[in-house]
Amino acid sequence: MRDAQPKAIFLKDYRQPDYWITSTDLTFELNDDSTLVTSRLSLVRNEQAQATAPLVLAGQELELISVAIDGVTLAASAYQTDDESLTIHSVPAQFELKIVTRIYPAKNTALEGLYRSGGMYCTQCEAEGFRRITYYLDRPDVMSVFTTHIIADAASFPVMLSNGNLVAESESNGLRKVSWHDPHKKPAYLFALVAGNLLHKEDEFMTCSGRKVALKIFVEPQNFDKTDYALDALKRSMRWDEEVYGREYDLDIFMIVAVDDFNMGAMENKGLNIFNSSCVLANPATATDAAYLRIESIVAHEYFHNWSGNRVTCRDWFQLSLKEGFTVFRDSHFSADMNSATVKRIEDANVMRTVQFAEDGGPMAHPVQPDSFIEISNFYTVTIYEKGSEVVGMLYKILGKDGFRKGTDLYFARHDGQAVTIYDFVGALEEANGVDLTLFKRWYKQAGTPVVNVQSQYDAQSQQLTLTLRQHCPDTPGQSNKLPMWIPVQLGLIGANGNDLPVQVEPASAWTASSQVLHFTDAEQTFVFSGLAEEPKVSLFRDFSAPVKVEFAQSDDDLLFLLRHDSDGFNRWDAGQRLMLNWIAAAKEGEFTLPAAARDAFDALLADETLDASMVTYLLSLPSEAYVAEFSPVVDPLAIHNARKTVQMAIARELKDDFIRCYQRLNHSDAYQPVPAQMSARALKNLALSYWVKAESAGLEQALAQYDAADNMTDQMASLVAVVNSGDRARAESLLARFYERWSKDALVVNQWLSVQAGSAELGSAAFIRSLLQHEAFDWRNPNKVRSVIGAFANQSLVNFHAADGSGYELLADAVLRLNEANPQIAARLLGPLTKWKRLVPAQASLMKAQLARIMAHGSLSKDVYEVVSKSLV
Ligand code: B3K
Ligand code: ZN
């Protein structure tokens, strides 16, 4: 908690530390109510530092027992502590430092540092959690070799793990002692420790150079049957990273541990990944296809960090996107290779457009490489992760597959074992390809979403099409008058028969034919396409080639044409979404009828068995309310909800018979497997069911029948969601009760049950949510449960969250205040929806602002909450 106003930290103030830590030897004695930590460090003064430089170590919530230098215990006058540090006034140029501290893991509700989750001990040290374990140079540019000894009651903690390889174990007098050694130097944020009564599933991976790696997934005993899929995904990730990036694993063992209480999805600690159980555990009866896909991508993401993050790490936290943006790019590419590349692109664009563009247009907007922060935990954002990945993706488009790989090879070779910056990454790509990316680097420094305006003109006589592109990027907090960005525009021209036409463009230097990319680099540029005997349809930003907003007037007929014919799957979807946005806008103004041509196009999609079913699912899915909101100048949640529902009903009614046919065609009972073909078929089948439920009561009966027949959670959950959102409250309540009775012992399933209710427009009023918070299944200490109820309510149930009486906002503010002290990271993260107040209709905006002001008035805000609220109120 803060006494004075928290201060911002600036990138421009970066300087190297005065001391380096070459080795770190830690002993943990895990006792019932406290843990004794003995740290033995070898330190050496930085050659650039002055001989008189004091040693300042970071530390929080630590009970200091003793400090000794080279075996001599220091008198209390030789050092000084405050809430955040330990300063030793005078130290030699090279020395051994021994520090003993006591910590209280069972009382640690912030879930940073060493804490208890159920019966086990675990850690989370990124970004600045290690300082809650012992005093240390807790910054990523201090890389050290770690040895860890753990001593605990042998009966309660048969499994004790840390990074690297197990080098010793022994037992005496009921105490077990183990020692782990990690030969790779690493920053403290990658340290991990786990102790508990755990079972593990084991497998083996043979690396490309023929080394055997033991793979182990540790879980609490009741979850032993939920590890197979993650193990499989891990092996596929390891193989993929060898094949696509030439990266081989570098220890003899790779471990994953599942824990129930975890602030984020997972953590890439060296050799010992720790996962939120919701992101690793699955079996067909309890996990949906969506959960399987999430597990596949997160297992891959954490594994890929072994190179992009661990072997080559960040110099400081302003470089966070160096590892996160690049690693998201790598995991997206992996998921695209494992499943449908087009669908993955659609999903990524959806996140950008609904969540990242909103962040970039709001009070927390920041560049991919931020200039400053108050609390680094607030910067694990969609901008750092997803926009960071899109920026890497543009580099990939610009350099091409082979050029990109040459660049990453150089990057890994040159910086292995180092802590570096985003520009070191770009520098390696530049050097390996002999290109100058100076202009491109603006993507890292300028916040905000560029808007690209497109004017097109066709001249039949000269057979030329002229495209004029203009770009501007709106002001964001602390940044105005932005410079033009290098925007890769992947483009196609389509003839009347639906085929792509050859592209001949002036200036030719702006065109890369191999990737069909136009390089748009100035504020305004005109491109002339020639040899066009007919006016082509223009397909712009294929494959979502840049994270920008596009203003390009195309008629509904043109959009329908693109929906039917574009050879780029992403743009087929995009054209459909634009059409649907137009319909929703029209429905806001009055009655809506589905145009006959659109009905025919949808008909054809539903009947076409040659198309990838997951792609058809996306083509027929309406944009979410959040998506519609992002495309609305002023957000009126109720109007959006009603208009979207009108369009949904029209589609459901008009295509009812097609949906029923499609449902029946796909509703067969092959044994469940989480494989792409089956997942796609289930997605389309369940979309058809959801429309059928909207269209007539027979659909509802079928949803109930499917619920009873289902042997897997995907079908069961789809039925439950359809019934809950059908408007038949009695049936919804009775099915929810049955579901709970069946699954009340399985925490992950219960969390899905909480989230279906909290996110439902039909059920989720603030009063209803308050009753859910009283349910035996809810627990404020568990972040997954808080996200399942409060997060689902505020992010998905928009009509209820934005209720006219402000009750939704009040509920969210109450939750934030309640968690502010106990778990500041989660409290700050929940705040997201309130920060968007400026976009809302005035009555709602002022109610939202009032709740932010109420939080601000609270006497003792954590840095995390303070930063988000104070920036949002400006
Ligand atoms: N690197 C971690 C995130 C840690 C968050 C700390 N507040 C997970 C990931 O991105 O892989
Ligand atoms: Zn990551």
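**Zinc site**

I began with the spacing of the donor residues of the zinc ion (ligand 2), and in sequence they run H-x3-H-x18-E. I keep in mind that this is a predicted model.

Next I looked up which atoms do the binding. The protein donors of the zinc ion are His301 through NE2, His305 through NE2 and Glu324 through OE, and they lie 1.9 to 2.0 Å from the ion.

Then I checked where two of the donors sit. His305 is in the loop between helix 2 and strand 22 (313-314), while Glu324 belongs to helix 3, so this pair ties together parts that are 19 residues apart in sequence. I also asked myself: are His305 and Glu324 buried or exposed? Both His305 and Glu324 turn out to be buried.

**Ligand 1**

Glu324 came up again here: an N or O atom in its side chain is 2.9 Å from an oxygen atom of ligand 1. I noted two further pairs. Tyr385 has a side-chain N or O atom 2.4 Å from an oxygen atom of ligand 1, and for Glu268 the partner is a nitrogen atom of the ligand, at 2.8 Å.

How much of ligand 1 does the protein bury? Taken alone, ligand 1 exposes 340 Å², and the protein buries 96% of that.

I then went through the shell. Strand 20 (266-267), helix 2 (289-304) and helix 3 (320-338) are the elements giving two or more residues to the shell around ligand 1. There are 15 residues around the ligand, of which Glu126, Ala266, Glu268, Glu302 and Tyr385 come nearest. By type, I have the shell down as six nonpolar, four polar and five charged residues.

Technical notes:
Residues numbered from 1 in each chain as written. Chains lettered and ligands numbered in written order. Predicted model: local features only at pLDDT ≥ 70, side-chain atom pairs only at ≥ 80, totals over all residues. Heavy atoms only, no water. Near = heavy atom within 4 Å. Polar contact = N/O pair within 3.5 Å; in protein donor to acceptor, adjacent residues only side chain to side chain. Areas by Shrake-Rupley, 256 points an atom, 1.4 Å probe, with all protein chains shown as cover. Helix = DSSP H or I, 4+ residues; strand = E, 2+ residues; numbered from the N terminus. Nonpolar A, V, L, I, M, F, W, Y, C, P; charged D, E, K, R; others polar. Donors = N, O, S within 2.8 Å, 3.2 Å for Na, K, Ca; no water. Buried < 20%, exposed > 50% of the residue type's maximum accessible area, 1.4 Å probe, protein only.
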